[in-house]
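Student: Could you take me through the salt bridges in this structure, one pair at a time? I would like to know where the partners sit and how exposed they are.

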Amino acid sequence: MATTAVQVVTGGAPVTAEQKMAVQGLIWGRLGGSTLGASALARLHERPGEGTANIVASVLTDELRADPEFAELMARTLHVPYSPPSQAAG
């Protein structure tokens, strides 16, 4: 899902302008709040390309795994199915 989201933001996926803005807002809002995320976004802006996009996707993947509610929101925004991670039996 993270790779798809980055493709939307970088113009690599055919979406509406509204959807692109929504996905961009989610990514910038989440990653911009951390040093690592802000650095990855800055590099993507300065040197757009597959390498920097992969770095942003990697950081975004960590955020999506850490926060199922954020992942669900991203999935709804991207119009893709979402299955929350299964809860380990305690």
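Tutor: Happy to; here is a walk through the salt bridges and their surroundings. This is a predicted model, in which local features need pLDDT of at least 70 and side-chain atom pairs count only at pLDDT 80 or more, while totals for chains, interfaces and linings use all residues. Residues are numbered from 1 along each chain as its sequence is written, and side-chain values use heavy atoms, with hydrogens and water left out.

The structure holds 3 salt bridges, each being a side-chain nitrogen of Lys or Arg within 4 Å of a carboxyl oxygen of Asp or Glu. Let's begin with arginine 30, whose salt bridge with glutamate 63 has its closest N and O atoms 3.2 Å apart. Because arginine 30 lies in helix α2 (residues 17–31) and glutamate 63 in helix α4 (residues 50–66), this pair ties together parts 33 residues apart in sequence. Helices here are DSSP runs of H or I with at least four residues, numbered from the N terminus.

Arginine 30 also forms a salt bridge with aspartate 67, with closest N and O atoms 2.9 Å apart. Aspartate 67 is in the loop between α4 and α5 (68–78), so its pairing with arginine 30 in helix α2 ties together parts 37 residues apart in sequence. Arg30, Glu63 and Asp67 are thus linked in a network of salt bridges.

As for exposure, arginine 30 is partly exposed at 27% relative accessibility, and glutamate 63 is partly exposed at 23%. Partly exposed lies between buried (under 20% relative accessible area) and exposed (over 50%), using a 1.4 Å probe and protein chains only.

Elsewhere, arginine 76 and glutamate 72 meet in a salt bridge at 3.7 Å, N to O. Both belong to helix α5, where their 4-residue spacing separates them by about one helical turn. Glutamate 72 is partly exposed, at 37% relative accessible area.

Notes: Helices (H or I, at least four residues) and strands (E, at least two) are DSSP runs, numbered from the N terminus.
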